[in-house]
Amino acid sequence: MSSNAEKFTELISGDFPEGALPDHQVYEHPLVKRYATKEMSFVWSPAMKFTTWRKLWISLATAEQELEIEITDEQLAQMRDKLYDIDFDFAAKKEREFRHDVMGHVHAFGEVAPQAMPIIHLGATSCYVGDNTDIIQIKEALLLIKRKLVQTIDILKQFAVKHKDLPTLGFTHYQPAQLTTVGKRCTLWMQDLLLDLYKVDQEIKDLPMRGVKGTTGTQASFLELFDGDHEKVKALNKRVTELLGFEKVIPVSGQTYTRKIDYNVLSVLSGIAQSAYKMCGDIRLLSNLKEVEEPFSKTQIGSSAMAYKRNPMRSERVCSLARYVMGLPNAAANTHANQWFERTLDDSAIRRIYLPEGFLAVDVILNLLSNIGDGLHVWPAVIKARVMSELPFMSTEVILMECVKKGGDRQELHEAIRVHSMDAGAVVKGEGKPNDLMERIAKDPMFKAVHDDLDRLIDPVLFVGRAPEQVDEFITEEVNP
């Protein structure tokens, strides 16, 4: 008789049952299924992509008609009427037949707009719809990213203002340093995101259409279409660009727009990811210190084994996704560098991955940042306790100066403070007891001149410099405009 272990081994060594879990046997992309918003998913959806192809064909035919190519109003009307009537199964069938995705959709459009079939894609090459659609999707995605960046910065602004006066221990090299404030630290995160916002704005402003360029960028097919009329070819390029809502068109191209544009766009996304990683890295460290924590719901489970845990899961998710996005510009750089002459097709497959995934991931990151920023929980008592454990050492120079002002000997006072500081440090590190430097100074007659004033001299507010004012100035001069 087989043991339970043998039965288990036999079970898992067999093939996966053919009829088991039929609805769950295909890979689901976590960025779409688990994380991303409907808005960003739509930007990169087949519906958006292929209706944009049709918009490009309609705009091309419209502009060609305006420039006296024989295209009827009825043909244009039929194309407009059938913009959203896409038979994806028919397009896929034609693509398999032709081994060409664009021609599959040309025929799918012609099937529902038969009057227009003779003039669909007239004079164009595949990259007319492919590349221009990519640019339109990139612009729409950048506009969505901009909106979410603004939202995130606004949420963090409220947090910074609320906590601009709350002293907290600063860290350099992750070692205790001079005090700052909780709000001032938040402005460091905001400043990075604000720099990203400037880059996004600039990218939106500078993003050009590929326009109407032909197979190798020479516009030869359109020059033929217009019987050698160069001015009409130029007018067509300009008009199509205008009809699609763009002000700029790339001056020259090969078959595709330069893939340097993809690199620039992904570099902007990488910048946002870097800023998010830095902010959430800080929050993860602060969570460990129990000073600041991200939102934690009533029923949230931090660990399946350790029920007491409050893991910074949102911040960890941000860092995980950000790490992926930060690596994408390298892939885009290699794609651009390896484009031979007017074009090679080894750019196609990878661009289908890193352009949508870069935007989908940053969309998730910004949603998480807004959620985290809106629910950050600050623990002032814990923050003050840590400040007071280090502040006595930082306050010694102030104490020394006050004693000198009242007639003390600077060198003698300095030596006394040095000895007390070393002894207090030994107690903290060697015995694990609280910092008792102030008690030592309070008992030393050499410091009698400030004994009644010690509490004031070690008030944390005196050690934050211009941090509160810097928060106000930063928001007034940089964020609000």
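**Reading a predicted model, one feature at a time**

Q: Let me start with one residue. Where does Phe341 lie?
A: Phe341 lies in the loop between α14 (328-337) and α15. Keep in mind as we go that this is a predicted model.

Q: Is Phe341 buried or exposed?
A: The idea is to look at the relative accessible area: under 20% is called buried and over 50% exposed, with partly exposed in between. Phe341 has 81% relative accessibility, so this residue counts as exposed.

Q: What can I say about the phi angle of Phe341?
A: Here we look at the sign of the angle and at the residue type. Phe341 has a positive phi of about 50°, although this residue is not a glycine. Tyr174 is another such case, with a positive phi of about 55° although Tyr174 is not a glycine either.

Q: Where is the place of Tyr174, and how is its accessibility classed?
A: Tyr174 sits in the loop between β1 (167-172) and β2 (175-181). Its relative accessibility is 41%, so Tyr174 counts as partly exposed.

Q: Let me step back to the whole chain. How many helices and strands are there?
A: Listing the secondary structure is a good way to get your bearings. For this protein chain the list comes to 21 helices and four strands.

Q: Is the chain a compact globule or more spread out?
A: To judge that, we compare the radius of gyration with what a globule rule gives for the chain length. The rule gives 23 Å for 481 residues, while the protein chain has 32 Å, well over that value, so the chain is more spread out than a compact globule. You can also look at the C-alpha trace, which spans about 105 × 85 × 40 Å along its principal axes.

Q: What share of the residues is buried, and what does the chain expose?
A: These are two views of the surface. Of the 481 residues, 47% count as buried. The protein chain exposes about 25,800 Å², and carbon and sulfur atoms supply 53% of that area.

Q: How do I read the contacts along the sequence?
A: Ask how far apart in sequence the touching residues are. Among contacts with a separation of 6 or more, residues 24 or more positions apart account for 75%.

Q: And how far apart are the mean positions of the charges?
A: Find the mean position for each sign, then take the distance between them. The 58 positive and 69 negative charges of the protein chain have mean positions 3 Å apart.

Q: How many aromatic pairs does the structure hold, and how do I read one?
A: For each pair, look at the distance between ring centres and the angle between the planes. The structure holds six aromatic pairs. Trp44 and Phe359 form one that is stacked, with 5.6 Å centre to centre and 25° between the planes.

Q: Which parts of the chain does the pair of Trp44 and Phe359 tie together?
A: Trp44 lies in the loop between α3 (38-43) and α4 (46-66), and Phe359 lies in helix α15 (residues 348-375), so the pair ties together parts that are 315 residues apart in sequence. Both Trp44 and Phe359 are buried.

Q: How are the rings of Trp53 and Trp57 arranged?
A: Trp53 and Trp57 form an edge-to-face pair, 6.2 Å centre to centre with 75° between the planes. Both lie in helix α4, four residues apart, about one turn of the helix. Trp53 and Trp57 are both buried. They also belong to one aromatic cluster, formed by Phe50, Trp53, Trp57, Phe88 and Phe109.

Q: Which residues does Thr396 touch?
A: For this kind of reading, we set aside residues up to four places away in sequence, and Thr396 then touches Ile417, Ser421 and Leu437. Thr396 lies in helix α17 and, at 14% relative accessibility, counts as buried. Glu402 lies in helix α17 (residues 396-405) too. At 17% relative accessibility Glu402 counts as buried, and with the sequence neighbours up to four places away left out, this residue touches Val450, Arg456 and Leu457.

Q: How about His107: which helix is it in, and what is it in contact with?
A: His107 is found in helix α7 (residues 101-112). Leaving aside neighbours within four places in sequence, His107 is in contact with Phe90, Lys94, Phe98 and Met117. With a relative accessible area of 25%, His107 is partly exposed.

Note on methods
Residues are numbered from 1 along each chain as its sequence is written. This is a predicted model: local features need pLDDT of at least 70, side-chain atom pairs count only at pLDDT 80 or more; totals for chains, interfaces and linings use all residues. Side-chain values use heavy atoms; hydrogens and water are left out. Helices (H or I, at least four residues) and strands (E, at least two) are DSSP runs, numbered from the N terminus. The radius of gyration is taken over C-alpha atoms; the globule rule is 2.2 Å times the number of residues to the power 0.38. Buried means under 20% relative accessible area, exposed over 50%, partly exposed in between (1.4 Å probe, protein chains only). Contact means heavy atoms within 4.5 Å. Accessible areas come from the Shrake-Rupley method with a 1.4 Å probe; for residues, only the protein chains shown count as cover. Lys and Arg count as positive and Asp and Glu as negative; His and the chain ends are not counted. The place of a charge is taken as NZ of Lys, CZ of Arg, CG of Asp or CD of Glu. Rings of Phe, Tyr and Trp (its six-membered ring) pair if their centres lie within 6.5 Å; planes under 30 degrees apart count as stacked, over 60 as edge-to-face and the rest as tilted.
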